[in-house]
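Dear colleague,

I am passing a structure on to you, and below it you will find what came out of a first look. Please read the notes with the structure open beside them.

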Amino acid sequence: MNKWLLQFFLLIAFIPLAILIGYGLIVLAPIFCCFLAINSYRFNNDREMYLWLIIGVISFIISLYMLGIL
């Protein structure tokens with residue numbers, strides 16, 4: 001088999017895997033933002049806490065849209 005053809009098919013095979021990982025990261029992003037906001041609260045850093053809460057809400061809305069709920 002031609003080397004370039006094989007590389008093309010391998011690239012095509014990794015596209016669904018990349019999409020799956022991307023969806024997983026966006027769906028899990030609100031959880032990470034929640035933990036970062038809790039950590040900021042523990043160190044009495046209100047500005048950072050509110051920043052992570054806003055980013056968490058935005059990522060939550062994006063993940064609901066990507067899952068087809070909104």
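**What was found**

In this model, which is predicted, the secondary structure of the protein amounts to two helices and zero strands. The radius of gyration is 18 Å, well over the 11 Å that the globule rule gives for 70 residues, so the protein is more spread out than a compact globule. Measured out along its principal axes, the C-alpha trace spans about 60 × 30 × 15 Å.

As for the surface, buried residues account for 14% of the 70 residues in the protein, and of the roughly exposed total of about 6,000 Å², carbon and sulfur atoms supply 77%.

Two residues of helix H1 may serve as a way into the details. Serine 40 lies in helix H1, which covers residues 3–42, and this serine 40 counts as buried because its relative accessibility is 4%, where the cut-off for buried is under 20%. Leaving aside residues up to four places away in sequence, serine 40 touches Asn45, Glu48, Met49 and Trp52.

Leucine 20 is also found in helix H1, but leucine 20 is exposed, with a relative accessible area of 59%, given that exposed begins over 50%. Leucine 20 is one of the residues in a nonpolar patch on the surface, which is formed by Leu6, Leu10, Phe14, Leu17, Leu20, Ile21 and Leu25 and has about 700 Å² of accessible area together.

With kind regards

How values were computed: Residues are numbered from 1 along each chain as its sequence is written. This is a predicted model: local features need pLDDT of at least 70, side-chain atom pairs count only at pLDDT 80 or more; totals for chains, interfaces and linings use all residues. Side-chain values use heavy atoms; hydrogens and water are left out. Helices (H or I, at least four residues) and strands (E, at least two) are DSSP runs, numbered from the N terminus. The radius of gyration is taken over C-alpha atoms; the globule rule is 2.2 Å times the number of residues to the power 0.38. Buried means under 20% relative accessible area, exposed over 50%, partly exposed in between (1.4 Å probe, protein chains only). Accessible areas come from the Shrake-Rupley method with a 1.4 Å probe; for residues, only the protein chains shown count as cover. Contact means heavy atoms within 4.5 Å. Patches are made of residues with over 30% relative accessible area and no salt bridge: like charges are joined within 9 Å, nonpolar side chains (Val, Leu, Ile, Met, Phe, Trp, Tyr) within 5 Å. A salt bridge is a side-chain nitrogen of Lys or Arg within 4 Å of a carboxyl oxygen of Asp or Glu.
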